[in-house]
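The following exercises are to be worked through with the sequence and the coordinates at hand. Each task is followed by a solution in steps.

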Amino acid sequence: MGTYGDLPAELVTERLRLRAWVPSDAEGYHGLWLERDPRVPSARRVDDEGRPTVEDLRGRIVDDPRGAEPGLGLFPVELRDTGEFIGYCGLIVGQASFDEPEIAYELARRAHGHGYATEAARAVLEAAVRTGRRRLWATVREWNAPSFRVLEKLGFHPSGRVTEDAEHGDSIWMTRALDPR
């Protein structure tokens, strides 16, 4: 495992602020869980008993506000002009590795179609370069056309690797080499 710089505490773009998690983000984060496509594995959706609850998610945020090792982590994404929580974006190990992490993002449905995912992911990608990382990955379900469009705008391309999943849809591995600065 290599040594990398940390992600900044905050990333600011023209329209967005990616910042540290606060307990009040739990409501918006829970909303994402409720909106998830039924093809998403059940462990990533609210179950029939209502779990995870807003309080469960608030506990996770309070216990581990960064949510990852140094140089990784998910940022809540908010609109700069209103402070409205619209999703998250960041770097995770996911199915990849600490040295070559995955970029991950998810936005509330009301925020789709405005270019916010591309804007947030571009900021995270640029921050990943500054950590010293050389490659990023993304795994996307074959049915998630909007995520493929975001990744293509950011220079990701199919790696040829596929994780088969007949129940939820195959995961296509996208990758992008990072230019050191």
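**Exercise 1. The surroundings of a proline**

Task: Determine which residues P76 touches, leaving out those up to four places away in sequence.

Solution. The model is a predicted one.

Step 1. Beyond its sequence neighbours, P76 touches R17, L18, R19, A20, W21, D25, F85, G87 and Y88.

Step 2. P76 belongs to strand 3.

Step 3. The relative accessible area of P76 is 0%. Buried residues are those under 20%, so P76 is classed as buried.

Step 4. One of the residues touched is Y88. P76 and Y88 are 12 residues apart in sequence, while their C-alpha atoms are 4.3 Å apart in space.

**Exercise 2. The nonpolar cores**

Task: Identify which residues of the largest nonpolar core touch the most other members, and which elements supply at least two residues of this core.

Solution.

Step 1. The largest nonpolar core has 37 residues, and L18 and F156 touch the most other members.

Step 2. At least two residues come from each of the following elements: strand 2 (16-18), strand 3 (73-79), strand 4 (85-92), strand 5 (102-107), helix 3 (116-131), strand 6 (135-141), helix 4 (145-153) and strand 8 (171-177).

Step 3. Helix 3 gives the most to this core, namely 10 residues.

Step 4. A second core, separate from this one, has 10 residues, among them Y29, L57, I61 and Y88.

Step 5. For L18, with neighbours within four places in sequence set aside, the contacts are A9, E10, L11, F75, P76, V77, C89, A120 and V124.

**Exercise 3. The packing of two helices**

Task: Establish at what angle helix 1 and helix 2 pack, and whether their crossing is left-handed or right-handed.

Solution.

Step 1. Helix 1 (residues 25-35) and helix 2 (residues 54-63) pack at about 120 degrees, and their axes are 8 Å apart.

Step 2. Because of this angle, helix 1 is oblique to helix 2.

Step 3. The two helices, helix 1 and helix 2, cross in a right-handed sense.

Step 4. Helix 1 makes the contact through D25, A26, E27, Y29, H30 and W33, and helix 2 through V54, L57, R58, R60 and I61.

Step 5. By type, the residues in the contact of helix 1 with helix 2 are six nonpolar, one polar and four charged.

**Exercise 4. An unusual peptide bond**

Task: State which residues a cis peptide bond joins, and where P52 is placed.

Solution.

Step 1. Most peptide bonds are trans.

Step 2. The bond between R51 and P52 is cis, with omega about 0 degrees.

Step 3. P52 is located in the loop between helix 1 and helix 2.

**Exercise 5. Accessibility and separation**

Task: Classify T163, A145 and D179 as buried, partly exposed or exposed.

Solution.

Step 1. T163, in strand 7 (residues 157-163), has a relative accessibility of 29% and therefore counts as partly exposed. Not counting residues up to four places away in sequence, T163 touches Q95, D170, S171 and W173. T163 and Q95 are 68 residues apart in sequence, with 10.0 Å between their C-alpha atoms.

Step 2. A145, in helix 4, is at 37% relative accessibility and so is also assigned to the partly exposed class. The C-alpha atoms of A145 and L79 are separated by 24 Å, and the two residues are 66 residues apart along the chain.

Step 3. D179 lies in the segment after strand 8. Its relative accessibility is 57%, so D179 counts as exposed. D179 and P38, 141 residues apart along the chain, have C-alpha atoms separated by 37 Å.

Technical notes:
Residues numbered from 1 in each chain as written. Predicted model: local features only at pLDDT ≥ 70, side-chain atom pairs only at ≥ 80, totals over all residues. Heavy atoms only, no water. Core = buried A, V, L, I, M, F, W, Y, C linked by side-chain atoms within 4.5 Å. Buried < 20%, exposed > 50% of the residue type's maximum accessible area, 1.4 Å probe, protein only. Helix = DSSP H or I, 4+ residues; strand = E, 2+ residues; numbered from the N terminus. Contact = heavy atoms within 4.5 Å. Axes fitted to C-alpha atoms, helices over the stretch in contact; angles between N-to-C directions. Parallel < 35°, antiparallel > 145°, perpendicular 65-115°, else oblique. Left-handed = near helix turned anticlockwise from the far one by under 90°. Nonpolar A, V, L, I, M, F, W, Y, C, P; charged D, E, K, R; others polar.
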